[in-house]
Amino acid sequence: MLHTCKKAYITTPIYYVNDIAHIGHAYTTIIADTLARYSRLSGLDTFFLTGTDEHGQKIEEAAKQRGESTQAYADKISATFKNLWDDFDISYDKFIRTTDAAHMQGVQKAFLKMYENGDIYKDTYKGHYCISCETFFPTIQLVDDEFCPECGKSTTIVEEESYFFKLSAYEDKLLAWYNDNPDCILPRSKRNEVIRFVEGGLQDLSITRTSFDWGVKLPSQIDDPKHVMYVWLDALMNYVTALGYGTDDANMDYWPARVQLIGKDILRFHAIYWPAFLMSLGLPLPKHIAAHGWWTRDGEKMSKSKGNVVNPKEVADAYGLDNFRYFMLREVPFGGDGDFSQKALIDRINSDLGNDLGNLLNRLIGMSGKYFEGKVDTSDVATYYQSELDEVHASLAKLEPLLFEMQIHRYLEELWRPLTVANKAIDMYQPWTLMKEGKEKEAMALNGLIATILAKVSIMLYPVMPEVCTKIASSLHFVIDHHNWTRLAKGTTLLDTFTLEKIDPLFPRIEEPLLTQIEPQDSAKPDKKQKKTEEKTEGIALIGIDQFFQTSLKVGTVIEANEVPKSKKLLLLQVDVGEATPRQIVAGIKEWYSAEEMLDTQVCVVANLKPAKLMGLLSQGMLLAAKDENGLCMIRPEKPKTAGTPIG
Ligand code: MSP
């Protein structure tokens, strides 16, 4: 029999390489990874795409500021994204870069096709451009006639020859698409926003630039070499060039995408420009474009200059990757904004994960160990606990639609109901009482019920917490795969008889924040209670260990050292502290160290100081040194250490 497996294509936005990844990027990628893992588990032939967006003026300028070639700079930052996703075990099938030759060829093919079918014409563009958002804005949308309505930065006036895409011609077709497909944009409230915007009228879109050249050239058939393509046209095309559009078409049968995940800030590009481009190319439109909300830190937008960016790797290393994944998906309703705080993360770990899930497994291990030498037998579960099974199966049946409607927080909420059923069953039937009363069969069946519920939950939780659920499954002697997904999670099959494998507690209780340096700035200020109890020793105020750890100290390697012209005291250093780009540090040490003496040496860096300017030069850190009447000496690690190694 010919078996055609249904396909599912899932994409993330491609990330700009002007900055390294923060929790906002990790959020999008983790949601997409969860969907891809679920999709595979449910038997769909799945293709999951992520990658980096590397062209445009913003990237060209970022590279220039760092004195690097644009390609070398893009290579370096793109690798930091790829490495992070690899560290995070993100199950992508392809990592695309817009500087890939095949992508650029595909974009040129698309441009030519739109040009040949009359959707592209040449004219002059005059108006404002925001480099940070890589977006043109009509004057009417600007704040105070100058500033970008999205990011608030100053815009530049552009007047140049440009090719235009006839976006205005697609107004009616776009409106028809939104109306005929109520779920094409999720959450639905976002779809209404888009409809209102399009109903307000669409202007044709400038899709080439001539004032810089870090971009895809126009196809040779058009023969206009001074133009490069607008970065958003180039970037959006990645979703099909990754499947071979314009080259070998190898994977185009995955198109249209099942879900395209984006943040709400880039909805307009994905819900208006992208479908219009696809219509022009005669390609089908994606099933869902799903826009999530924005993560802030203590209520503020994260930005490098505020120094409040949350590094996802640090959080995952400290709290556990799966715990971090669970927190992000459970904490915020999809589409809403979320605020990151360690307190909220710790509460989720201790309560949902520790008390409800981890504790249930511990109770099972305890029960079966004490009464049955670890054996679990499910033969009589249905005889004694059918109503509990029914309740569990009813909850599990609700899950799948919630996931693909992007109600991931509700998916997790519903998935916790079977755990409540299990914990309640133990409290109500009390295995110790059953054993005392000689009802051994009932006690064993209760054991089987708990094990079966844990198995079913761990299959459905696997896409969110793959590592933890794999551990639970191996303790319960089954594997998480499509076969067991069908039998145990979708079906009503119970676990087979087995002997339980003991494992260490999965969620040890967390009492204190584990990352003191990412706590809000305000927590650095002693509160009233602290002030009262301030202690002193030999006149020096004592601090707690957590106050000490509010200072981020790191080993750095000086990779460039120069004198600051006209300054007797200052050296200008570039110090590698293990980040994507070196820190520039202006140090007042010239009276004791020459630039040559500092070069290639290691230093200790205070890495979380607010940036400051000294003689007009930005300084992004401070070096530790000791000074007495005999002069100043640097504090250095005794043996060479990897740049970025934390001190403390
Ligand atoms: N390069 C474009 C996307 C092109 S897709 C064809 C871009 N890149 S980005 O790096 O700036 O942002 C990528 C994604 O990260 C976006 O979906 C954006 O919403 C998301 N986030 C960036 N900061 C975020 C938060 N603080 N919170 C949540 N997500 C945010 O836009």
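A residue counts as exposed when its relative accessible area is over 50%, as buried when that area is under 20%, and as partly exposed in between. Lys343 has a relative accessible area of 58%, so the residue is exposed. The structure described here is a predicted model.

## Salt bridges

A search of the whole structure finds 32 salt bridges. Lys343 takes part in one of them with Asp347, where the closest N and O atoms are 3.0 Å apart. The two residues belong to helix 12, which spans residues 342-372, and they sit four residues apart, about one turn of that helix. Unlike the exposed Lys343, Asp347 is partly exposed, at 39% relative accessibility.

A further salt bridge joins the side chains of Asp86 and Lys82, with an N to O distance of 3.8 Å. This pair lies in helix 3 (residues 70-87), and because the two residues are four apart there, about one helical turn separates them. Asp86 is partly exposed at 38% relative accessibility, and Lys82 is also partly exposed, with a value of 32%.

Asp224 and Lys226 also meet through their side chains in a salt bridge, at 4.0 Å from N to O. Here Asp224 is buried, with a relative accessible area of 10%, whereas Lys226 is partly exposed at 47%.

The table sets out these pairs.

| Salt bridge | N to O distance | Relative accessible area of each residue |
|---|---|---|
| Lys343 and Asp347 | 3.0 Å | Lys343 58%, Asp347 39% |
| Asp86 and Lys82 | 3.8 Å | Asp86 38%, Lys82 32% |
| Asp224 and Lys226 | 4.0 Å | Asp224 10%, Lys226 47% |

Salt bridges also link residues into a network, whose members are Asp33, Arg37, Asp89 and Arg325.

## Backbone features in loops

Some peptide bonds that lead into a proline are cis. One runs from Leu186 to Pro187, with omega near -10°. Pro187 is in the loop that connects strand 8 (185-186) with helix 6 (188-199). Another cis bond runs from Trp255 to Pro256, with omega near 5°. Pro256 is placed in the loop between helix 8 (238-241) and strand 12 (259-263).

The loop between helix 8 and strand 12 also holds Asp249. Phi of Asp249 is near 55°, a positive value in a residue other than glycine. Asp249 is partly exposed, with a relative accessible area of 44%.

Gln430 likewise is not a glycine and has a positive phi, of about 50°. Gln430 sits in the loop between helix 16 (417-429) and helix 17 (431-436). At 29% relative accessibility, Gln430 is partly exposed.

## A buried asparagine in helix 16

Helix 16 contains Asn423. Asn423 is buried, with a relative accessible area of 13%. The side chain of Asn423 reaches the backbone oxygen of Asp356 at a distance of 3.3 Å. Asp356 is also among the residues that Asn423 touches; leaving aside residues up to four places away in sequence, these are Asn355, Asp356, Leu360 and Arg363.

## An open sheet

Four strands make up an open sheet, with antiparallel pairing and the order 6-5-7-9. Strand 6 (135-137) and strand 9 (205-206) are at the edges; each has a single partner strand, so one side of each is left without a neighbour in the sheet.

Which strand pairs with strand 9 over two bridges? The partner is strand 7 (residues 156-165), and the pairing is antiparallel. Phe165 stands opposite Leu205 of strand 9.

## The second largest pocket

The second largest pocket has a volume of about 490 Å³. Its lining consists of 25 residues, and those closest to the centre of the pocket are Phe136, Pro138, Gln141, Gln203 and Asp204. Two or more lining residues come from each of strand 5 (120-130), strand 6, strand 9 and helix 9 (267-281). Strand 5 gives the largest share of the lining, four residues. Strands 5, 6 and 9 of this lining are also members of the open sheet described above.

Definitions and conventions. Residues numbered from 1 in each chain as written. Predicted model: local features only at pLDDT ≥ 70, side-chain atom pairs only at ≥ 80, totals over all residues. Heavy atoms only, no water. Buried < 20%, exposed > 50% of the residue type's maximum accessible area, 1.4 Å probe, protein only. Pairing = 2+ DSSP bridges. Polar contact = N/O pair within 3.5 Å; in protein donor to acceptor, adjacent residues only side chain to side chain. Contact = heavy atoms within 4.5 Å. 1 Å grid on protein atoms, 1.4 Å probe; cavity = no way out; pocket = protein on both sides within 12 Å on 5 of 7 lines; lining within 4 Å. Points joined across faces, edges and corners; volume = space filled by probe spheres on them.
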